[in-house]
Amino acid sequence: EAIEIKHGSASTSRTHVLVTTNGTGATVTDCGTDNGTAVVPYEGANPFRLQPWIPQELDPGAQVFLGGPTWFRLESGQGVAGV
C-alpha cells in the first residue's frame, strides 16, 4: 500500500522509497531517485546513503531522509513518525 507524505521539498521524488515491514523492523529501498536517500540507523550514528534498488534492513528508531529535509522515523509497532 502506498503512503503519501506531504512535503514542500522539490528534492523528494514522487516515488522515493519502498518500505517493507517484517515484524521486528523494516527494509527500506531507494527507488533510483535523483537526490538519494540517507539513513541514520540510530540516535548519534553517522548517516549513510542507500544504494539504489538495494534493500537495507533497519531497526526501530532509524531515521530515513528523502533527498533532503523530508524524513521519517521507524517506530516499533506504530508505523512511521516525524514526517
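Helices (H or I, at least four residues) and strands (E, at least two) are DSSP runs, numbered from the N terminus. With that in hand, the overall pattern reads β-β-β-β-β-β-β-β along the sequence, with zero helices and eight strands. What you're looking at is a predicted model, where local features need pLDDT of at least 70, side-chain atom pairs count only at pLDDT 80 or more, and totals for chains, interfaces and linings use all residues. Residues are numbered from 1 along each chain as its sequence is written, and side-chain values use heavy atoms, leaving out hydrogens and water.

So how far does the predictor trust its own work? That's what pLDDT tells you: the predictor's confidence in each residue, from 0 to 100. The protein averages 78, and 70% of the residues score at least 70. Among the elements, strand β4 (residues 48–49) has the highest mean pLDDT, 96, while strand β8 (residues 79–81) has the lowest, 47. Over residues 79–83 the pLDDT is below 50, though this stretch still has 14 contacts in the model beyond near neighbours in sequence. A contact, by the way, means heavy atoms within 4.5 Å.

Now for the inside. Of the 83 residues, 33% count as buried; buried means under 20% relative accessible area, exposed over 50%, and partly exposed in between (1.4 Å probe, protein chains only). A nonpolar core is a set of buried Ala, Val, Leu, Ile, Met, Phe, Trp, Tyr and Cys residues joined through side-chain atoms within 4.5 Å. The largest one here has 11 residues, among them V17, V28, V39, L50 and F72. Strands β2 (26–30), β6 (63–66) and β7 (71–75) are the elements that give two or more residues to this core. Take V39 as a way in: leaving aside its neighbours within four places in sequence, V39 is in contact with N46, P47, F48, L50, L58, Q63 and V64.

Strand β2 is worth a longer stop. T27 sits in this strand and is buried, because its relative accessible area is 18%. Not counting residues up to four places away in sequence, T27 touches L18, V19, T20, N22, P55, Q56 and E57.

D30 lies in β2 as well. D30 is buried yet has no salt bridge (a side-chain nitrogen of Lys or Arg within 4 Å of a carboxyl oxygen of Asp or Glu). The nearest side chain of opposite charge is R49, 6.6 Å away. What does the side chain of D30 reach instead? One partner is the backbone nitrogen of G32, at 2.9 Å. The side chain of T37 is joined to that of D30 by a polar contact of 2.5 Å; such a contact is a pair of N or O atoms within 3.5 Å, where within protein one must be able to donate a hydrogen and the other to accept it, and residues adjacent in sequence count only if both atoms are side-chain atoms.

Beyond four places in sequence, the residues that D30 touches include W53. W53 is found in the loop between β4 and β5 (56–58), and its phi is near 65 degrees, a positive value in a residue other than glycine. W53 counts as exposed because its relative accessibility is 56%.

Finally, look at T24, in the loop between β1 (17–21) and β2. T24 is exposed, with a relative accessible area of 67%. T24 and P60 are 36 residues apart in sequence and 7.8 Å apart in space, C-alpha to C-alpha.

Terms used
Lys, Arg positive; Asp, Glu negative; His and termini not counted.
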